[in-house]
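Colleague: Got a minute to walk me through this one? I'd like to start with the surface and then go inside.

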Amino acid sequence: MPGPDIGSPGRKYPPIQFGIDGDETSAIFKDYEAVGKKLVEWAQQGEDSWPKTIDELRVAFKDLLTIPDVFKRLRVEQGDDGTEGDYELVLRLPPKGQVTESEQIVKAKVDEDVYPLPALYTEFEPGGRDEDKKVITQLRFFYARVADYTMRGCR
């Protein structure tokens, strides 16, 4: 039986599920594309444009992404492009408990849908159309992917 630091109900880290079926501890995307566009904007404009507090982040993502109240602090990190031959690699490892629990679930094959892909990978393909019948361009798909891989790394 896993201990509290590796996935039991008493775990210390907040579980984050993406999508509309999350519970009160879930970050819920309402618009992957708009979240990604905002993240790209912050990356391009630099540190002065970034939210400084978790409340500022919630305001910036209002109506785009719901961030649960269990998150009390915010830290933003950005890798440095550097100059030729002087690049920085920012390696952000997932929390021990989160990755251990996920590994145990997958190994146990508890449920066939234990590792669902966000709808953007199955329903939001370039060349297709979204629920509003708008064409999904490569740029729209890019923004949605930025939102997914950036926000999934946030814990």
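Modeller: Sure. For the patches, nonpolar side chains such as Leu are joined within 5 Å, and a residue needs over 30% relative accessible area and no salt bridge to be included. Bear in mind that this is a predicted model.

Colleague: Okay, which residues make the nonpolar surface patch?

Modeller: L89, L91 and L93 make it, and the patch covers about 420 Å². L93 sits in the loop between β2 (65–66) and α3 (96–108).

Colleague: Is L93 buried or exposed?

Modeller: Exposed, with a relative accessible area of 66%.

Colleague: What about charge, which residues form the negative patch?

Modeller: D31, E123, E131 and D132 form that one. D132 is in the loop between α4 (119–123) and α5 (138–152), and D132 is exposed at 56% relative accessible area.

Colleague: Anything else in that loop?

Modeller: G127 is there too, between α4 and α5. G127 is exposed, with a relative accessible area of 63%. Its C-alpha lies 7.8 Å from that of Q138, with the two positions 11 residues apart in sequence numbering.

Colleague: Let me step back. How many helices and strands are in the chain?

Modeller: The chain has 5 helices and 2 strands, in the order β-α-α-β-α-α-α along the sequence. Out of its 155 residues, 31% count as buried.

Colleague: And how many salt bridges do you count?

Modeller: The count is 5. One of them joins the side chains of E33 and R140, at 2.7 Å from N to O. E33 belongs to helix α1 (residues 32–45) and R140 to helix α5, so this pair ties together parts that are 107 residues apart in sequence.

Colleague: Why does R140 count as buried?

Modeller: Because its relative accessibility is 11%, and buried means under 20%.

Colleague: Any salt bridge within a helix?

Modeller: E41 pairs with K38, their closest N and O atoms being 3.3 Å apart. They are 3 residues apart in helix α1, so about one helical turn separates them. E41 is partly exposed at 30% relative accessibility, and K38 is partly exposed as well, at 23%.

Colleague: Which residue does E77 meet in a salt bridge?

Modeller: R75, with an N to O distance of 3.0 Å. E77 counts as partly exposed at 45% relative accessibility, while R75 is exposed at 60%.

How values were computed: Residues are numbered from 1 along each chain as its sequence is written. This is a predicted model: local features need pLDDT of at least 70, side-chain atom pairs count only at pLDDT 80 or more; totals for chains, interfaces and linings use all residues. Side-chain values use heavy atoms; hydrogens and water are left out. Patches are made of residues with over 30% relative accessible area and no salt bridge: like charges are joined within 9 Å, nonpolar side chains (Val, Leu, Ile, Met, Phe, Trp, Tyr) within 5 Å. Accessible areas come from the Shrake-Rupley method with a 1.4 Å probe; for residues, only the protein chains shown count as cover. A salt bridge is a side-chain nitrogen of Lys or Arg within 4 Å of a carboxyl oxygen of Asp or Glu. Lys and Arg count as positive and Asp and Glu as negative; His and the chain ends are not counted. The place of a charge is taken as NZ of Lys, CZ of Arg, CG of Asp or CD of Glu. Helices (H or I, at least four residues) and strands (E, at least two) are DSSP runs, numbered from the N terminus. Buried means under 20% relative accessible area, exposed over 50%, partly exposed in between (1.4 Å probe, protein chains only).
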